Amino acid sequence: GGVKPAFLGAFDIEGKPLWQAGKGGNQPSRPMSVAIHDMLGDRAAEVICFWHRPDPAIKADWQSLADVVVQIRDGRTGKVLRQAAPKAITERRRKDPVGANWIHQRLLIANFRGTNAPRDVVVKLGDTYVALDERLDVLWTYQTKWTRYSQCPAYIPSVGDIDGDGRDELNGGYFVIDHDGKPLWENKLGDNMDSVAITEWDNGQMRAICSGFGHVMDHRGRTIVGLGRQLVPHGQEVRVADFLADGKGPEMIIRYNGHKTDVCVVSSDSGT
């Protein structure tokens, strides 16, 4: 089914339908490319989504986004408030060797322009990253040179203000992209860069957390922690929080051995 949402439903806490859009049929194999956020500043959440718009004049199988639009819907009713088909998105098509990265698409809410509240959204489409504003105009695009399976950036990037300028950056694991779409740094740190974050690490400093070989990086690309291939052969998943009550500062818990459940805990205070 690819990555083209064709049905949306909103429900209350008891499971009662509030509204629905679309019908059954060939739904995506993975539900994705949907975000919930107050994009318009009206104190109610909107639904930001991809939406499948089949067109007989457009030849587009599951590997193409030529028949997909981006929408902002009223969260209370499901009504389409804004809709656009930016070429930066519709011209994207799965192609080898980026196929493994194609199906991991998420719309991430961000604040790239330093507005009073987040009004931007970014999506990764294989090797390309596209940022949009609340009007669904393209702010910037970025394309990575690393595409091979297990040697590519994070399937799902993360956003956060790592340099403290009041505007978000994008962490892909092999790079951190500044608010204007230009890289702060690029470095192929380690294989299997499966999980990333931007969060506080040492003494409240915002850092880029990168699961590939277990890295913590600053906004200039300097290594704060590098656990290495021997300890983290396959950094499948990483989380940072104050997990240990008797520890100083947050800790990293990293699932270091691929799709297995083995984990290790790393101190932000000592780096061990």
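**A walk through the predicted model**

This protein has two helices and 21 strands. Its radius of gyration is 19 Å, close to the 19 Å that the globule rule gives for 272 residues, so it is as compact as a globular protein of that length. Keep in mind that this is a predicted model.

Now the overall dimensions. Along its principal axes, the C-alpha trace spans about 55 × 40 × 40 Å. The exposed area is about 13,200 Å². Carbon and sulfur atoms supply 48% of that area.

How much of the protein counts as buried? Of the 272 residues, 50% do.

On to contacts. Take those between residues at least 6 apart in sequence. Of these, 45% join residues at least 24 apart.

Charges next. The protein has 34 positive and 35 negative charges. Their mean positions are 7 Å apart.

Let's go inside. The largest nonpolar core has 24 residues. Which of them touch the most other members? They are Val122, Trp140 and Ala208. Several strands give two or more residues to this core: E7 (107-110), E9 (128-132), E10 (138-143), E13 (175-177), E15 (196-200) and E16 (206-210). Strand E13 gives the most, with three residues.

Stay with Val122 for a moment. Set aside its neighbours within four places in sequence. Val122 is then in contact with Arg106, Leu107, Leu108, Phe112, Val130, Ala131, Trp140, Val159 and Leu170. So much for the largest core. Apart from it lies another core, of 20 residues. Among them are Val3, Leu65, Val68 and Ile72.

One last residue: Val34. Where does Val34 lie? You will find it in strand E3, which covers residues 34-37. Is Val34 buried or exposed? Neither: Val34 is partly exposed, because its relative accessible area is 35%, and partly exposed means between the 20% and 50% limits.

What does Val34 touch? Again, leave aside the neighbours within four places in sequence. Val34 is in contact with Leu8, Val47, Ile48, Cys49 and Leu107. Leu107 should sound familiar, as it is also on the contact list of Val122.

Finally, a distance. Val34 and Val70 are 36 residues apart along the chain. Their C-alpha atoms are separated by 9.7 Å.

That's the tour. Thank you.

How values were computed: Residues are numbered from 1 along each chain as its sequence is written. This is a predicted model: local features need pLDDT of at least 70, side-chain atom pairs count only at pLDDT 80 or more; totals for chains, interfaces and linings use all residues. Side-chain values use heavy atoms; hydrogens and water are left out. Helices (H or I, at least four residues) and strands (E, at least two) are DSSP runs, numbered from the N terminus. Buried means under 20% relative accessible area, exposed over 50%, partly exposed in between (1.4 Å probe, protein chains only). Contact means heavy atoms within 4.5 Å. The radius of gyration is taken over C-alpha atoms; the globule rule is 2.2 Å times the number of residues to the power 0.38. Accessible areas come from the Shrake-Rupley method with a 1.4 Å probe; for residues, only the protein chains shown count as cover. Lys and Arg count as positive and Asp and Glu as negative; His and the chain ends are not counted. The place of a charge is taken as NZ of Lys, CZ of Arg, CG of Asp or CD of Glu. A nonpolar core is a set of buried Ala, Val, Leu, Ile, Met, Phe, Trp, Tyr and Cys residues joined through side-chain atoms within 4.5 Å.
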